[in-house]
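Trainee: Please take me through the first loop of this model at close range, and then follow it into whatever it touches. I would like one connected account rather than a list.

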Amino acid sequence: MSSKQGQVVANGAFQLFGARRRADVGEVLTDVFGRDDISALGADWRGIVYFTLDDDAEIDADTVVGFDPSSGSSGPLASVGEVLTAVRNGDIADAVDVASFDAWRTATGQRSIDMGDCVPPSVHEFMGGDPAERSTEPQDLVTFIAVAAALMGRLEKLGVEPGDEIPDEVFDETRWQ
């Protein structure tokens, strides 16, 4: 893997970031989680981001954590070595549901997605969306993470609970400037 360019597996189903993309994604994750010890590693086609925490009392620095901006869920998954081995031998494709990615590619006519792109759900899961219903066009990963975090923050500030109707105020840009 080139530290500058990164590596894609299975037409973009998994992306191991190069230096620039690690920095860009790490910066937005630092904002989302409010901590500066995040090292971005990669992402998959669904927009799930994989990273490590350099200074955490509960999670070893060699543990890869997954974060799904659409649902807001995160948690430890595997070691860095296990992920890198899975990238080298191609097993990472199965771990990120390459069959669904291939079905999406066939349905949309997309040959692949570029480094730094993802195919998030049409509607964020935390807003009632179905993860099986995907956007028809790839989206920029950093933008996807930032928008999901902003929307989740707005919902929290408005006191919206799971199952509540989403108020129009969430989408009123003048309210949130």
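## The loop and its surroundings

Mentor: A10 sits in the loop that joins β1 (6-9) to β2. Keep in mind throughout that this is a predicted model. The backbone of A10 has a positive phi of about 55 degrees, although A10 is not a glycine. N11 belongs to the loop between β1 and β2 as well, and its phi, again in a residue other than glycine, is positive and near 60 degrees. Such values deserve a second look because most residues other than glycine have a negative phi. Solvent reaches part of each residue: A10 is partly exposed, at 29% relative accessible area, and N11 is partly exposed too, at 39%.

The way from this loop into the interior goes through W45. Leaving out residues up to four places away in sequence, W45 touches G12 and A13, and its other contacts include V96, S100, F101, W104 and I113. W45 is also among the residues with the most contacts inside the largest nonpolar core, where F14, V83, V87, I92, V96 and F101 share that description. This core has 21 residues. The elements that give it two or more residues are β2 (14-17), α2 (80-89), α3 (92-95) and α4 (98-108). Of these, α2 gives the largest share, 4 residues. A second core of 16 residues is separate from this one and includes I38, A40, F51 and F67.

Next to W45 in sequence comes R46, in the loop between β3 (38-44) and β4 (49-53). R46 is a charged side chain by type, yet R46 is buried, because its relative accessible area is 17% and the limit for that label is under 20%. Its side chain makes a polar contact with the side chain of D44, at 2.6 Å. Beyond four places in sequence, R46 touches A95, V96, D97, C118, V119, P120, P121, R134 and F144. Several of these names come up again for W45, whose contacts include V96, D97, C118, V119 and R134.

From R134 the next step along the chain is S135, in the loop between β7 (117-118) and β8 (139-140). S135 is buried, with a relative accessible area of 12%. Its contacts, not counting residues up to four places away, are W104, V119, P120, P121 and S122. W104 and V119 are also touched by W45, and P120 and P121 by R46. The side chain of S135 reaches the backbone oxygen of E137 at 2.9 Å. For a sense of distance, S135 and P76 are 59 residues apart along the chain, with 27 Å between their C-alpha atoms.

F67, named above in the second core, leads on to the pockets. It is one of the residues nearest the centre of the largest pocket, along with V32, A148, A149 and M152. That pocket holds about 230 Å³ of space and is lined by 15 residues. The elements that give two or more residues to its lining are α1 (19-33) and α5, with α5 supplying the largest share, 7 residues. By type, the lining consists of 11 nonpolar, 2 polar and 2 charged residues.

The second largest pocket holds about 160 Å³ of space. Its lining is made up of F126, M127, G128, L155, V160, E161, P162, G163, D164 and I166, which divide into 6 nonpolar, 2 polar and 2 charged residues.

L158 lies in the segment after α5 (141-157). L158 is partly exposed, at 26% relative accessible area. Past its neighbours within four places in sequence, L158 is in contact with P167, E169, V170, R175 and W176. L158 and L141 are 17 residues apart in sequence, and their C-alpha atoms are 26 Å apart in space.

To return to your loop: A10 and N11 are partly exposed, while G12 and A13 are in contact with W45, one of the residues with the most contacts inside the largest nonpolar core.

Notes. Residues numbered from 1 in each chain as written. Predicted model: local features only at pLDDT ≥ 70, side-chain atom pairs only at ≥ 80, totals over all residues. Heavy atoms only, no water. Buried < 20%, exposed > 50% of the residue type's maximum accessible area, 1.4 Å probe, protein only. Contact = heavy atoms within 4.5 Å. Polar contact = N/O pair within 3.5 Å; in protein donor to acceptor, adjacent residues only side chain to side chain. 1 Å grid on protein atoms, 1.4 Å probe; cavity = no way out; pocket = protein on both sides within 12 Å on 5 of 7 lines; lining within 4 Å. Points joined across faces, edges and corners; volume = space filled by probe spheres on them. Core = buried A, V, L, I, M, F, W, Y, C linked by side-chain atoms within 4.5 Å.
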